[in-house]
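I am keeping these notes while I look through one protein model, going from one lookup to the next. The structure comes first, and my entries follow below.

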Amino acid sequence: MTRQEIEKLAQEIGRQAFQPENSESAAMAADELACPDWTPPLEGIAGLIDHTLLRPDSSEREVIRLCDEAGKHGFASACVHPDKIAIAERELRGSGVKVCTVVGFPHGANVTLVKRIEAEQALKLGARELDMVVNIGALQAGRLDFVHSEMCSIVELALGTGTVVKVILEMAFLDDAAKVNGCVLAKLAGADFVKTSTGFGPSGANLTDVALMHKVVGGQMGIKAAGGIRTYGRFREMMRAGATRIGTSASLEILEEFRTVHDSGR
């Protein structure tokens, strides 16, 4: 697609997503999409969580423990830094839990070739979920053709491998128009998910952003909320706003709280 075609489509979808022109009213329109009737699946919530360890000082021992927990509880994936993929793949082999890793993390400002090589190596090492950080500055500046091309470059690598590609938009840095554009471009590129945050930006997931993402691509793509989600109450709020996956390092605490709430019938 040409730049003009991409921009026109993004603008059309953006107008459909919300009519208000100021941030406050746009946020209010997004909040109306909360899904108050969301209930957890019968098998529980572990399959909706990426069990995450992305601290810069994470150790091999901690990654092994993360993978043991992921296998034991049946989380959707264990998300680790690229240099820990081989360890995670070894520990999770045969468990049904995917190895997730990050690309262009945490700022998204790597040149496209570097992101592509990073993704290629991740796939070779056994990662089957790639959370790629968008070029935040380019997206905010409206360089939609560049952003779309970069997304396509990573999605193309994943084709035929069974790999899930999630595009991290780092919403805290974006205005409403850029948030909508990022969702539209990820959909056009063939990504599987849009994701709110790295967890290392100025703020993490919030309900308004999740609801807006759902309004733009809900039912057509997955929506991953990440950053600051540390309780089952917050988890449930995100799901009701439209999230379909949660990324958190507080997975065990959330599971424990969920079981307490479930057992008490609340």
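Before I looked up any single residue, I wrote down the cut-off I would need: a residue counts as buried when its relative accessible area is under 20%, and as exposed when that area is over 50%. I also noted that this is a predicted model.

**Entry on Lys195**

Is Lys195 buried or exposed? I found a relative accessibility of 3% for Lys195, and because this lies under 20%, I recorded the residue as buried. I then located Lys195 in strand β6, which covers residues 193–195. Next I asked which side chain makes a polar contact with the side chain of Lys195. I found that of Asp131, at 2.9 Å. When I left aside the neighbours within four places in sequence, the residues in contact with Lys195 included Val167, Glu170, Met213 and Lys224.

**Entry on the barrel**

I followed the strands next and saw that 8 of them close into a barrel, in the order β1-β2-β3-β4-β5-β6-β7-β8, with parallel pairing. Neighbouring strands of this sheet are turned against each other by 25° on average, with direction ignored. I reminded myself that strands of a sheet pair through backbone hydrogen bonds, either parallel or antiparallel. As one pair to check, I took β4 (residues 129–133) and β5 (residues 164–168), which pair in the parallel sense over 5 bridges. Here I noted Val167 in β5 as the bridge partner of Met132.

**Entry on strand β2**

I turned to β2 (residues 77–80) and found both of its faces covered, since Ser77 and Cys79 on one side and Ala78 and Val80 on the other are all buried. Strand β1 (residues 49–53) runs parallel to β2 and is joined to it by 4 bridges, and Leu53 has Val80 as its bridge partner in β2. Between β2 and strand β3 (residues 98–103) I also found 4 bridges, again in parallel, with Ala78 standing opposite Val99 in β3. The chain passes from β2 to β3 through helix α4 (residues 85–92), in a right-handed β-α-β crossover. I noted a right-handed β-α-β unit made by β1, helix α3 (residues 60–73) and β2 as well.

**Entry on Ile229**

My last lookup was Ile229, which I found in the loop between β7 (222–226) and α10 (232–241). Why does Ile229 count as buried? Its relative accessibility is 2%, so it falls under the 20% cut-off. Not counting residues up to four places away in sequence, Ile229 touches several others, among them Ala205, Phe235, Met238 and Ile254.

Notes
Residues numbered from 1 in each chain as written. Predicted model: local features only at pLDDT ≥ 70, side-chain atom pairs only at ≥ 80, totals over all residues. Heavy atoms only, no water. Helix = DSSP H or I, 4+ residues; strand = E, 2+ residues; numbered from the N terminus. Buried < 20%, exposed > 50% of the residue type's maximum accessible area, 1.4 Å probe, protein only. Contact = heavy atoms within 4.5 Å. Pairing = 2+ DSSP bridges. Axes fitted to C-alpha atoms, helices over the stretch in contact; angles between N-to-C directions. Polar contact = N/O pair within 3.5 Å; in protein donor to acceptor, adjacent residues only side chain to side chain. Right-handed = clockwise from strand over helix to strand, strands pointing away.
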